[in-house]
Amino acid sequence: MTFMEMLEANVAILFAVTLVSLILNLILFLKIATLNAEVARLRGGALTREELEILKARLTRLKKLTR
């Protein structure tokens, strides 16, 4: 059995392994991108709308207390 014959016989298996590998790589890429965005958000000080509202409410209370 030559190399080409073995390759032709196992083309479906190779295709399936390649497809699974691509899917796993995509999932890992998206997970890493999400984590990097979260780290950048935390380092950069970018806050969500809810976090900003909580901080504004605290600042308002502090201003009222210092008057």
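## Confidence in the model

Among the elements of the protein, α3 has the lowest mean pLDDT (84) and α2 the highest (91). That score, pLDDT, is the predictor's confidence in each residue, on a scale from 0 to 100. Across the protein the average pLDDT is 87, and 99% of the residues score at least 70.

So you know what you're looking at: this is a predicted model, where local features need pLDDT of at least 70 and side-chain atom pairs count only at pLDDT 80 or more, while totals for chains, interfaces and linings use all residues. Residues are numbered from 1 along each chain as its sequence is written, and side-chain values use heavy atoms, with hydrogens and water left out.

## Overall layout

There are three helices here and zero strands; a helix is a DSSP run of H or I with at least four residues, a strand a run of E with at least two, and numbering starts at the N terminus. The radius of gyration of the protein is 27 Å, well over the 11 Å that the globule rule gives for 67 residues, so the protein is more spread out than a compact globule. The radius is taken over C-alpha atoms, and the rule is 2.2 Å times the number of residues to the power 0.38. Along its principal axes, the C-alpha trace spans about 90 × 15 × 10 Å.

## A closer look at α2

Helix α2 covers residues 11–44. With 34 residues, α2 reaches 48 Å from its first C-alpha to its last, close to the 50 Å expected at 1.5 Å a residue. That expected span is 1.5 Å times one less than the number of residues in the helix.

V39 sits in helix α2, and V39 lies 35 Å from A16 in space, C-alpha to C-alpha, with their positions 23 residues apart in sequence. G44 belongs to α2 too, and the C-alpha atoms of G44 and F3 are 55 Å apart, at a sequence separation of 41 residues. Just after α2, G45 takes a positive phi of about 80°.

## Helix α3

Next up is α3, residues 49–66: its 18 residues should span 26 Å at 1.5 Å a residue, and its end C-alpha atoms are indeed 26 Å apart. The number of buried residues in α3 is zero, so this helix lies largely in the open.

## Surface and charge

How much of the protein counts as buried? Of its 67 residues, 0% do; buried means under 20% relative accessible area, exposed over 50%, and partly exposed in between (1.4 Å probe, protein chains only). G44 is exposed at 64% relative accessible area, while V39 counts as partly exposed at 37%.
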